[in-house]
Amino acid sequence: NNNNGSDGVDHSDDMDGGQNQMGPVSLDDIKERTTTLALDQAGCRLLQHAVNTLGAEAVKLIIEEHSDDDLRRLMIDPFGNYLFQKLVEGSDVTTQVHILDAISNPSTWLVGAALNMHGTRSVQALVRNCTGTTERQRLITLLSDSVEALSVSSNGNHVVQRCLQVLSPDDAQFVYTTVTDRLLSISTQRHGCCVVQRCIDAAPRKAQEALFEEVVRCGLSLM
């Protein structure tokens, strides 16, 4: 599966060019401007620079100035998604919970973002960084009913593959179960086929055996 262009691979460093040349930044430089700056290329770079240099203080300020709607908008914005990734990476558990609250209403929002060419990167950032048991289970709950739709999507399949990469075998079982149950419809789609191959590579023995049994059962249809 070639990962290039807007493939959904983590490109959070793509907008860092030029940040190394930026001078010092203070909270006063960005205060009460963050929602506007976040959706502008130069402004987004400035905010990322602030997160890189000021750390938790900048994350706190930016999160406080963004409403739930603003945070959801960031996820799918061509520039804002890079900032969203930085915010997730720099968040403590309390802030992660706040972000999850914002993107869980409506409950279908996260899947919609995962299907988006910019949002897929934001969702992958959540999968990578929300490592607490409660936070991870919330993400799994939000994604679990849409594994098939995500798997066959040019953007969404990268979220499924990220789950397989970073989740424990038990946590990733929701992927293996759906892919096994819907093997024929998923594997006959280009992106879905990549997900099935990744599942076979990553699955623990019991899940792998179930996948192989279904491959054999569907054998003629897959040829």
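A disulfide is taken here as a pair of cysteine sulfur atoms within 2.5 Å, and by that rule the count for this predicted model comes to zero. Cys 193 shows how the rule plays out: the nearest cysteine sulfur belongs to Cys 194 and sits 6.0 Å away, so with a cut-off of 2.5 Å Cys 193 is in no disulfide. As for surroundings, Cys 193 has a relative accessible area of 29%, which makes this residue partly exposed. Cys 163, at 3% relative accessibility, counts as buried.

Stepping back to the whole chain, the secondary structure is helical: 17 helices and zero strands. Of the 223 residues, 48% count as buried. Contacts across the sequence are also worth a look. Taking the contacts with a separation of 6 or more, 74% are between residues 24 or more positions apart.

Helix H6, residues 80-89, is a good place to start on the packing. Nine of its 10 residues are buried, so H6 is largely enclosed by the rest of the structure. The buried set runs through Gly 80, Asn 81, Tyr 82, Leu 83, Phe 84, Gln 85, Lys 86, Leu 87 and Val 88. What surrounds them is a group of other helices: the buried residues of H6 pack against H3 (41-54), H4 (56-65), H5 (68-76), H7 (93-103) and H9 (119-129).

One of those partners, H3, can be described in some detail. Two packed helices are described by the angle between their axes and the distance between the axes. For H3 and H6, the angle is about 10 degrees and the axes are 9 Å apart. An angle under 35 degrees counts as roughly parallel, so H3 is roughly parallel to H6. On the H3 side, the contact is made by Cys 44, Leu 47, Gln 48, Val 51 and Asn 52, while H6 brings Gly 80, Tyr 82, Leu 83, Lys 86 and Leu 87. Sorted by class, this contact has six nonpolar, three polar and one charged residues.

H3 also holds Ala 50, which is buried, with a relative accessible area of 0%. Leaving out residues up to four places away in sequence, Ala 50 touches Val 25, Ile 30, Gly 55 and Ala 58. Ile 30 is 20 residues from Ala 50 along the chain, and the C-alpha atoms of the two are separated by 8.3 Å. Ala 58, another of those contacts, is itself a buried residue of H4. Val 59, Leu 61, Ile 62 and Ile 63 are buried in H4 too. The buried residues of H4 pack against H1 (27-30), H2 (34-37), H3, H5, H6 and H7, and H4 is in turn among the helices that the buried residues of H6 pack against.

A second helix pair lies further along the chain. The axes of H13 (residues 173-181) and H16 (residues 205-217) come within 9 Å and cross at roughly 15 degrees. That angle makes H13 roughly parallel to H16, and H13 passes H16 in a left-handed crossing. Here Gln 173, Tyr 176, Val 179 and Thr 180 of H13 meet Ala 207, Ala 210, Leu 211 and Glu 214 of H16. The class tally for the contact is five nonpolar, two polar and one charged residues.

Within that pair, Ala 207 of H16 counts as buried at 9% relative accessibility. Setting aside neighbours within four places in sequence, Ala 207 is in contact with Gln 173 and Tyr 176, both on the H13 side of the contact. Pro 169 is 38 residues from Ala 207 in sequence, with a C-alpha to C-alpha distance of 9.1 Å.

Two loops carry backbone details to check in the viewer. Glu 32, in the loop between H1 and H2, has a positive phi of about 65 degrees although it is not a glycine. With a relative accessible area of 70%, Glu 32 is exposed. The other detail concerns Pro 106, in the loop between H7 and H8 (109-114). The peptide bond leading from Asn 105 to Pro 106 is cis, with omega near 5 degrees.

Technical notes:
Residues numbered from 1 in each chain as written. Predicted model: local features only at pLDDT ≥ 70, side-chain atom pairs only at ≥ 80, totals over all residues. Heavy atoms only, no water. Buried < 20%, exposed > 50% of the residue type's maximum accessible area, 1.4 Å probe, protein only. Helix = DSSP H or I, 4+ residues; strand = E, 2+ residues; numbered from the N terminus. Contact = heavy atoms within 4.5 Å. Axes fitted to C-alpha atoms, helices over the stretch in contact; angles between N-to-C directions. Parallel < 35°, antiparallel > 145°, perpendicular 65-115°, else oblique. Left-handed = near helix turned anticlockwise from the far one by under 90°. Nonpolar A, V, L, I, M, F, W, Y, C, P; charged D, E, K, R; others polar.
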